[in-house]
Amino acid sequence: MKMPAKFNTYCPYCRKHELHEVEKVKKGKTTGLHWINRQKSRRGKIGNMGKFSKVPGGDKPTKKINVRYRCTACKKAHLRAGYRLSKYELTE
Ligand SMILES: [Zn+2]
């Protein structure tokens with residue numbers, strides 16, 4: 001889906017429609033401290049890795065995109081519920 005990089009939409013801070021810039025939210029780095037990661041590393045990389053050998057990894061065909069809408073009037077950003085898209089592009 002192509003999406004304009006700037007468009008007029010409702011700002012909850014100004015309580016009216018203002019021009020908004022679309023920002024992509026960077027995916028947060030995993031710290032590697034989750035239990036599942038430790039369990040995975042404990043199992044090693046050789047041989048049958050049990051439940052980690054499963055193919056496919058359970059990835060969905062589409063990814064939820066995370067975008068932030070920044071109001072050009074008050075410079076505040078707000079979020080909206082993410083939606084699933086296979087491809088996401090910003091157009092000028
Ligand atoms: Zn605003």
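A disulfide is a pair of cysteine sulfur atoms within 2.5 Å. The exercises below apply this and related criteria to a predicted model.

**Exercise 1. Cysteines and the zinc ion**

Determine how many disulfides the structure holds, then establish which atoms coordinate the zinc ion and what arrangement the donors make.

Solution.
- Step 1. With the cut-off of 2.5 Å for a pair of cysteine sulfur atoms, the structure turns out to hold zero disulfides.
- Step 2. Turning to the metal, the zinc ion is coordinated by the SG atoms of Cys11, Cys14, Cys71 and Cys74, at distances of 2.2 to 2.3 Å.
- Step 3. Read along the sequence, these donor residues follow the spacing C-x2-C-x56-C-x2-C.
- Step 4. Four donors count as tetrahedral if all angles lie between 85 and 135 degrees; because the four donor atoms around the zinc ion subtend angles of 102 to 118°, the arrangement is tetrahedral. For reference, the ideal angle for four tetrahedral donors is 109.5 degrees.
- Step 5. As to accessibility, Cys11 is buried at 0% relative accessibility and Cys71 is buried at 1%, whereas Cys14, with a relative accessible area of 24%, is partly exposed.

**Exercise 2. Pairing of the strands**

Trace which strands pair with β3 and with β6, and give the sense in which they run.

Solution.
- Step 1. Strand β2 (residues 6-11) and strand β3 (residues 16-24) run antiparallel and are joined by six bridges; within this pairing, Phe7 stands opposite His20.
- Step 2. The hairpin of β2 and β3 has four residues between the strands, and Arg15 there takes a positive phi near 60°.
- Step 3. β3 is also joined to strand β5 (residues 67-71), again antiparallel, by five bridges; here Val22 has Tyr69 as its bridge partner, while Glu23 is partnered by Arg68.
- Step 4. β5 in turn pairs with strand β6 (residues 77-79) in the antiparallel sense over three bridges, and the bridge partner of Arg70 in β6 is Ala77.
- Step 5. Between β5 and β6, which form a hairpin, there are five residues, and Lys75 in the turn has a positive phi of about 65°.

**Exercise 3. The surroundings of Tyr69**

Work out which face of β5 the side chain of Tyr69 points to, and which residues meet its ring.

Solution.
- Step 1. Side chains alternate along β5: Val67, Tyr69 and Cys71 point to one face and are buried, while Arg68 and Arg70 point to the other face and are not buried.
- Step 2. Searching for rings whose centres lie within 6.5 Å gives one aromatic pair. This is the pair of Phe7 and Tyr69, with 5.8 Å from centre to centre and 85° between the planes, an edge-to-face geometry.
- Step 3. The pair links distant parts of the chain, since Phe7 lies in strand β2 and Tyr69 in strand β5, 62 residues apart; both Phe7 and Tyr69 are buried.
- Step 4. Finally, the charged end of Arg80 sits over the ring of Tyr69, at 4.8 Å from the ring centre.

Technical notes:
Residues are numbered from 1 along each chain as its sequence is written. This is a predicted model: local features need pLDDT of at least 70, side-chain atom pairs count only at pLDDT 80 or more; totals for chains, interfaces and linings use all residues. Side-chain values use heavy atoms; hydrogens and water are left out. Two strands pair if DSSP finds at least two bridges between them. Helices (H or I, at least four residues) and strands (E, at least two) are DSSP runs, numbered from the N terminus. Rings of Phe, Tyr and Trp (its six-membered ring) pair if their centres lie within 6.5 Å; planes under 30 degrees apart count as stacked, over 60 as edge-to-face and the rest as tilted. Buried means under 20% relative accessible area, exposed over 50%, partly exposed in between (1.4 Å probe, protein chains only). A charge sits over a ring if NZ of Lys or CZ of Arg is within 6 Å of the ring centre and within 35 degrees of the ring normal. Donors are N, O and S atoms within 2.8 Å of the metal (3.2 Å for Na, K and Ca); water is not among the atoms, so sites may look incomplete. Four donors count as tetrahedral if all angles lie between 85 and 135 degrees; four count as square planar and six as octahedral if opposite donors are over 155 degrees apart and all others between 65 and 115; anything else is irregular.
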